[in-house]
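Reader: I should like to learn how to read the features of a structural model in order. Could we begin with contacts between charged side chains?

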Amino acid sequence: MFAPLGLFKDIPCPQGEECSVFACIFSHRDPRPSSTLATRSQPSEQKEAEPARKRIKLDSRPEQKDSSKDGLPSAPGSGRSTPVKNPESRAQRTEIARPTPRQPAISKTTAPIRREASTAGNPGSSLPARQAPKESLNPRMLPKAPATYNARSAILKKLHDTLKSLNDKLAKDKELEDKCLILTPDELITMALDEEEKAAKDNPTVYSNVVKLRIVKLSKLSKEDWAKELKEYLNKKYYKIQPSQAPKEPEPLTTGLSVEEEIAIASKLITPLQGLENYGYVTRAPTAEEIEVARKGAVESKGWEKCERCSGRFQVFPGRREDGSLTTGGTCTHHPGKALYPPKKKTDHVTGAREAYFTCCNETLGQSSGCTKGETHVFKVSETKRLASILQFETTPENQDKTPKSPICFDCEMGYTTLGLELIRMTAVSWPEGKKILDVLVRPLGEVLDLNSRFSGVFPEHYNKALPYSAQAATSLETPTEDAPLQVVDSPATARALLFTFLHPTTPLIGHAIDNDLNACRIIHPTVIDTAILYPHPAGGLPYRMSLRTLAKKHLDRDIQTGGNRGHDSKEDAIATGDLVRVKAAEAWKTLKARGWVMTDGELVAPPGQEDISIFPQLRLGSGAGVKRSSEAANS
């Protein structure tokens with residue numbers, strides 16, 4: 001037997017008083033404070049106020065007094081107390097002590113160490129106290145370690161220091177409501193061990209990079225983001241933490257105008273698309289000759305494309321190759337988030353240029369090829385004539401119903417197929433009421449490579465549960481429940497035909513970065529209102545665009561697209577886009593009213609000489625030759 005080194009002498013023995021090891025390496029010291037031990041020398045009257053300690057029932061003979069700390073007879077020369085073996089009955093050793101007037105019932109297991117911060121720091125909390133195991137800051141043993149012990153120890157210590165720094169920030173926050181989020185030293189060690197062990201098991205080949213990226217991400221978290229991550233961890237590890245407050249419900253938007261008045265003012269917000277062809281807006285359908293050139297080019301390329309995510313080259317096989325493959329190139333390692341620069345600081349001239357980082361993992365630009373792996377590479381077709389070679393563009397036809405059509409907000413979700421980025425969901429709501437009039441899944445023309453669920457919010461189960469489209473159900477304005485199946489149509493052309501039933505060429509069609517949605521549907525509509533142009537980017541307008549999420553927060557004080565990996569809600573996006581137009585309509589009415597315009601029976605009446613005036617802001621076009629049309633922008 002090796003001599004004990006004393007590495008575990010401060011750790012209580014897991015078996016407690018039931019330990020039968022002759023020379024246990026764990027501590028068997030009495031865990032009670034010294035003030036309690038002092039009561040042994042006090043009179044018996046004061047002793048009776050203390051609960052009687054649990055004793056192991058050895059036999060029916062009278063108990064013998066002993067002076068050992070744990071109340072067990074000592075073996076000579078052992079240096080600690082050991083239980084006396086009693087062959088009569090093993091069950092007697094684990095028997096639950098019967099309650100007496102001075103002694104409550106005590107289970108055979110050692111009472112858990114109760115966490116004071118969860119109750120004392122948060123009086124009145126209904127959350128149970130947490131029980132964190134007593135562990136040392138040493139990597140847990142694994143069958144196949146991804147690195148040497150010294151390397152794992154160094155990484156673990158750095159991870160623990162980062163977690164401790166975040167925990168200290170919460171501890172110093174006097175306005176923190178959830179005091180139970182403050183971790184004890186033992187809980188910090190356990191959390192660091194959990195994080196390191198998970199990375200070692202899930203990503204053994206890139207273990208070091210994964211943990212280092214995690215440390216970098218943690219170091220950049222704000223207190224609010226850290227609190228969110230901590231709640232998720234505690235929910236899985238210990239118990240369910242209820243949110244401190246319910247999600248903020250969007251307040252109804254009021255403009256002080258009637259529906260008829262808002263519709264009348266919307267005619268002054270029409271976005272002129274002529275001259276914006278270089279920015280992705282299609283104003284005419286490609287000719288047959290242009291389409292034929294695009295088809296020949298696709299054939300000659302033999303399916304070689306550039307990956308939209310990692311920019312790598314790969315080959316795609318519409319209809320599948322003989323061996324069943326759809327693409328080549330294997331998995332796609334990429335960053336799903338955008339690369340952003342931190343806000344400017346006055347010390348930038350001293351510290352040097354700001355480094356861009358990815359929003360998905362906070363990794364510095366150029367540090368690695370990506371933090372996410374896709375099953376296959378994907379691509380996007382942006383050239384108009386090549387889009388038309390897959391499905392020709394169509395201009396909104398004259399509707400047989402001659403009655404005026406109210407404005408419509410619509411939003412489309414796209415997924416990657418063997419033919420590029422295709423339409424997979426279309427949602428339309430009335431404006432300005434925001435009531436649903438159309439919400440369908442769309443079967444794309446090509447084989448699906450990736451539904452882009454992180455942004456589209458469409459998952460395979462939606463198609464599995466979908467019902468065939470029914471005109472009667474489509475006219476229902478009731479909002480379906482979260483689990484209610486969607487309806488599905490057989491092609492993008494069918495979805496486009498459904499949308500045309502609600503439109504005239506003069507009907508305002510409202511959307512955000514509407515060129516992406518119109519191109520996915522192959523629609524040319526002459527009357528559109530694009531909030532990406534209605535609210536120009538402060539960096540100089542097109543080709544730069546503000547995201548819908550940013551505009552909703554700034555002008556509506558509304559949080560949207562908060563589903564995380566569950567993706568976007570196309571109806572929520574369509575309603576937010578419509579409300580942004582309503583805000584701009586209210587501002588426009590103030591301008592018109594100051595110029596002498598009046599509203600009569602829901603119609604705008606201009607003063608003499610101002611009949612043709614336009615209040616649309618002058619287009620601000622940037623110097624870029626192209627337009628930013630990434631997969632995130634397409635689904636924003």
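Author: A salt bridge is a side-chain nitrogen of Lys or Arg within 4 Å of a carboxyl oxygen of Asp or Glu. The model shown here is predicted, and in it Glu 305 forms such a bridge with Arg 386, the closest N and O atoms being 2.6 Å apart. The pair links distant parts of the chain, 81 residues apart: Glu 305 belongs to strand β1 (residues 304–306) and Arg 386 to helix α10.

Reader: Are Glu 305 and Arg 386 buried or partly exposed?

Author: Residues under 20% relative accessible area are buried, and those over 50% are exposed. Glu 305 has 10% relative accessibility, so it counts as buried. Arg 386, at 22%, therefore counts as partly exposed.

Reader: How many salt bridges does a search of the whole structure find?

Author: The search finds 27. Among them is the bridge between Arg 284 and Glu 290, with an N to O distance of 3.1 Å. Arg 284 is partly exposed because its relative accessibility is 48%, and Glu 290 is partly exposed with a relative accessible area of 29%. Glu 290 falls within the residue range of helix α8 (residues 288–300).

Reader: How should the length of helix α8 be read?

Author: The span from the first C-alpha to the last is set against the span expected at 1.5 Å a residue. Helix α8 has 13 residues and reaches 19 Å, close to the expected 18 Å. The helix is followed by Lys 302, whose phi is positive, near 55°.

Reader: What general expectation applies to phi and to peptide bonds?

Author: Most residues other than glycine have a negative phi, and most peptide bonds are trans. In this model, Ala 513 has a positive phi of about 50° although it is not a glycine. Ala 513 lies in the loop between β14 (509–511) and α15, and with 4% relative accessibility it counts as buried.

Reader: Which residue just after α17 takes a positive phi?

Author: That residue is Asp 557, with a phi of about 50°. Asp 557 is found in the loop between α17 and α18. Its side chain meets that of Lys 553 in a salt bridge of 3.7 Å, N to O. Asp 557 is partly exposed, with a relative accessible area of 45%, and Lys 553 is partly exposed at 40%.

Reader: Where do cis peptide bonds occur?

Author: One joins Trp 431 and Pro 432, with omega about 10°. Pro 432 is placed in the loop between β9 and β10. Another cis bond joins Leu 542 and Pro 543, again with omega about 10°, and Pro 543 is in the loop between α16 and α17.

Reader: Which residues of helix α17 are buried, and how are they arranged?

Author: In α17 (residues 548–556), the buried residues are Leu 548, Leu 551, Ala 552 and Leu 556. Seen down the helix axis, they fall within an arc of 100°, so they line one face of the helix. What covers them includes α16 (531–534) and α18 (570–594).

Reader: How does one pass from a buried face to a nonpolar core?

Author: In soluble globular proteins, nonpolar side chains tend to be buried together. The largest nonpolar core here has 35 residues, of which Phe 410, Leu 423, Met 426 and Leu 509 touch the most other members. The elements giving two or more residues to this core are β8 (408–417), β9 (420–430), β10 (436–442), α14 (492–500) and α15 (514–521). The largest share, five residues, comes from β8. A second, separate core of 30 residues includes Leu 257, Ile 265, Trp 431 and Ala 585.

Reader: What does Leu 509 touch beyond its sequence neighbours?

Author: Leaving aside residues up to four places away in sequence, Leu 509 touches several residues, including Ile 408, Phe 410, Leu 518 and Val 528.

Reader: Where does Thr 376 lie, and what joins its side chain to that of Thr 327?

Author: Thr 376 lies in the loop between β6 (372–374) and α10 (384–390). A polar contact of 2.5 Å joins its side chain to that of Thr 327. Thr 376 counts as buried because its relative accessibility is 10%. With residues up to four places away in sequence not counted, Thr 376 touches Arg 309, Thr 327, Gly 330, Cys 332 and Leu 449.

Technical notes:
Residues are numbered from 1 along each chain as its sequence is written. This is a predicted model: local features need pLDDT of at least 70, side-chain atom pairs count only at pLDDT 80 or more; totals for chains, interfaces and linings use all residues. Side-chain values use heavy atoms; hydrogens and water are left out. Helices (H or I, at least four residues) and strands (E, at least two) are DSSP runs, numbered from the N terminus. The expected span of a helix is 1.5 Å times one less than its number of residues. Buried means under 20% relative accessible area, exposed over 50%, partly exposed in between (1.4 Å probe, protein chains only). A polar contact is a pair of N or O atoms within 3.5 Å; within protein, one must be able to donate a hydrogen and the other to accept it, and residues adjacent in sequence count only if both atoms are side-chain atoms. Contact means heavy atoms within 4.5 Å. A nonpolar core is a set of buried Ala, Val, Leu, Ile, Met, Phe, Trp, Tyr and Cys residues joined through side-chain atoms within 4.5 Å. The arc is that of the directions from the helix axis to the C-beta atoms.
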